[in-house]
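Trainee: Could we go through this structure together, so that I learn how each label is earned?
Mentor: Yes, let us set each value beside its definition before we accept the word.

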Amino acid sequence: MTSEPTSPPVVPPLHSPKSPVWPTFPFHREGSRVWERGGVASRDLPSPLPTKRTRTYSATARASAGPVFKGICKQFSRSQGHGFITPENGSEDIFVHVSDIEGEYVPVEGDEVTYKMCPIPPKNQKFQAVEVVLTQLAPHTPHETWSGQVVGS
């Protein structure tokens, strides 16, 4: 039996990638190299409004613990994904995002709703409606479900 000395396996040397590796931020800052090259278009910038998916846990918990308000749907655009609610007390209209609407119907003008309020960062001076529930559908108005089925007339 002859035993030949075994050589260690050949490992190719490591090389840096040819293209630059960019960190993955949720957005690119103005003045960054990606921005300067035109790699980010204005339509690619994220919305500054917190949606149900991007809102922090603490902001969601504070909103859930808050009081319930009543109002009327002033306007809602399904294609744009947002609308406004007129509060029952007559104060300034409140923004509502599609991700914060509970239930099976798309709100239309005149629907009565209940909601809770959550401040909009970064200054937390304005509010948006969260946990929006349609309590009374507007009479004699067709309503659409999220799946696209039209109900009522």
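The talk below moves from strands and burial to backbone angles, ring pairs and open or closed spaces.

Mentor: This is a predicted model, in which local features need pLDDT of at least 70 and side-chain atom pairs count only at pLDDT 80 or more, while totals for chains, interfaces and linings use all residues. Residues are numbered from 1 along each chain as its sequence is written, and side-chain values use heavy atoms, with hydrogens and water left out.

Trainee: What makes S5 and S6 a pair of strands?
Mentor: Strands are DSSP runs of E with at least two residues, just as helices are runs of H or I with at least four, and both are numbered from the N terminus. Two strands pair if DSSP finds at least two bridges between them. Strand S5 (residues 112-120) and S6 are joined by eight bridges in the antiparallel sense, so they meet that definition. One of the positions involved is Cys118, whose bridge partner in S6 is Gln128.

Trainee: Which other strands pair with S6, and in what sense?
Mentor: Strand S3 (residues 94-97) pairs with S6 in the parallel sense over two bridges, and there Val96 has Ala129 as its bridge partner. Strand S4 (residues 101-102) also runs parallel to S6, again with two bridges, and Ile101 stands opposite Val132.

Trainee: Why is Gln128 called buried?
Mentor: Buried means under 20% relative accessible area, exposed means over 50%, and partly exposed is in between, with a 1.4 Å probe and protein chains only. Gln128, which is found in strand S6, has 0% relative accessibility and therefore counts as buried.

Trainee: How do you know that the side chains of Gln128 and Asp100 make a polar contact?
Mentor: A polar contact is a pair of N or O atoms within 3.5 Å; within protein, one must be able to donate a hydrogen and the other to accept it, and residues adjacent in sequence count only if both atoms are side-chain atoms. The contact between the side chains of Gln128 and Asp100 is listed at 3.2 Å, so the distance is within the limit.

Trainee: What makes the phi of Glu131 worth a remark?
Mentor: Most residues other than glycine have a negative phi. Glu131 has a positive phi of about 50° although it is not a glycine. Its place is in strand S6 (residues 126-136), and because its relative accessible area is 29%, Glu131 is partly exposed.

Trainee: Where else is phi positive?
Mentor: His140, in the loop between S6 and strand S7 (143-144), has a phi near 60°, and its 73% relative accessibility makes it exposed. Asn124 takes a positive phi near 55° in the hairpin of S5 and S6, which has five residues between the strands.

Trainee: Why is the pair of Phe76 and Trp146 called edge-to-face?
Mentor: Rings of Phe, Tyr and Trp (its six-membered ring) pair if their centres lie within 6.5 Å; planes under 30 degrees apart count as stacked, over 60 as edge-to-face and the rest as tilted. The structure holds three aromatic pairs. In one of them, Phe76 and Trp146 lie 6.4 Å centre to centre with 85° between the planes, so both limits for an edge-to-face pair are met. The pair links distant parts of the chain, with Phe76 in strand S1 (residues 69-77) and Trp146 in the loop between S7 and strand S8 (150-151), 70 residues apart.

Trainee: Are these two residues buried or partly exposed?
Mentor: Phe76, at 13% relative accessibility, counts as buried, whereas Trp146, at 25%, is partly exposed.

Trainee: How do you know that there is a cavity, and what makes its lining nonpolar?
Mentor: On a 1 Å grid over the protein atoms alone, a cavity is a set of points where a 1.4 Å probe fits but cannot get out, and lining residues have an atom within 4 Å of a point. The search of the whole structure finds one cavity of 30 Å³ or more, and the largest cavity has a volume of about 40 Å³, where a volume is the space filled by probe spheres set on grid points joined across faces, edges and corners. Its lining consists of Cys73, Ile85, Val96, Ile101, Pro107, Val113 and Val132. Ala, Val, Leu, Ile, Met, Phe, Trp, Tyr, Cys and Pro count as nonpolar, Asp, Glu, Lys and Arg as charged, and the others, Gly among them, as polar. The lining therefore divides into seven nonpolar, no polar and no charged residues.

Note on methods
1 Å grid on protein atoms, 1.4 Å probe; cavity = no way out; pocket = protein on both sides within 12 Å on 5 of 7 lines; lining within 4 Å.
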